[in-house]
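Reader: Please take a close look at the disulfides in this structure. I would like to know which cysteines pair, where they sit and how the links are arranged along the chain.

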Amino acid sequence: QVQLVESGGGLVQPGGSLRLSCVVSGFTLDARSIGWFRQVPGKEREGISCISSTDSRTDYADSVKGRFTISTDNAKNTAYLQMNNLKPEDTAVYYCAPCVGTINPTHYWGQGTQVTVSS
C-alpha cells in the first residue's frame, strides 16, 4: 500500500525558510522518482519539483527555481523540500507524489501540509 505523509508546514514570514518532509511507504525512492506539488484554492495542483530515482537529476518550476531544493534520504525513504526566501505567493498546501517531470502519473497523493507565508 502506498502512503505519502507530508509534514513541516506552518506559518512563516516573507523571506523565511521551511523544510518539508515526505515519508514514503509502499515504494522505494531508488525505484520511483518523487516530487513536490502545491495547490491553492481555485487553482489546479501545480508540480514544482521532481528528483530522478536513477540519477538524482532535479527539475523545478520557474516559480521556485533558485529558492527551493528537493532532496531524498533513501535510507529513510524520505523526500525533503527546502524552501528559502519564501514569498506570500508560495502559500499553498504542499504534497509529495511520484513524478515524471512535474506531473504525477499515478493516483497517489498524501494529505498535504499547509504552508502560509504572511507578515
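Author: A disulfide is taken here as a pair of cysteine sulfur atoms within 2.5 Å. The model is predicted, and a search of the whole structure finds two disulfides in it. With bonded cysteines counted along the chain, the disulfides follow the pattern 1-3, 2-4.

One of them joins Cys22 and Cys96, whose sulfur atoms are 1.8 Å apart. Cys22 belongs to strand S3, residues 18-25, and Cys96 to strand S9, residues 92-98, so this disulfide ties together parts that are 74 residues apart in sequence. The torsion about the S-S bond of Cys22 and Cys96 is about 70°, and the disulfide is therefore right-handed. Cys22 has a relative accessible area of 0% and is buried. Cys96 also counts as buried, at 0% relative accessibility; the cut-off for buried is under 20%.

The other disulfide is formed by Cys50 and Cys99, with 1.9 Å between their sulfur atoms. This pair links distant parts of the chain, 49 residues apart. Cys50 lies in strand S5, residues 46-51, whereas Cys99 lies in the loop between S9 and strand S10, the latter spanning 113-117. The link of Cys50 and Cys99 has 80° about the S-S bond and is right-handed. Both Cys50 and Cys99 are buried.

Notes
Residues numbered from 1 in each chain as written. Predicted model: local features only at pLDDT ≥ 70, side-chain atom pairs only at ≥ 80, totals over all residues. Heavy atoms only, no water. Helix = DSSP H or I, 4+ residues; strand = E, 2+ residues; numbered from the N terminus. Buried < 20%, exposed > 50% of the residue type's maximum accessible area, 1.4 Å probe, protein only.
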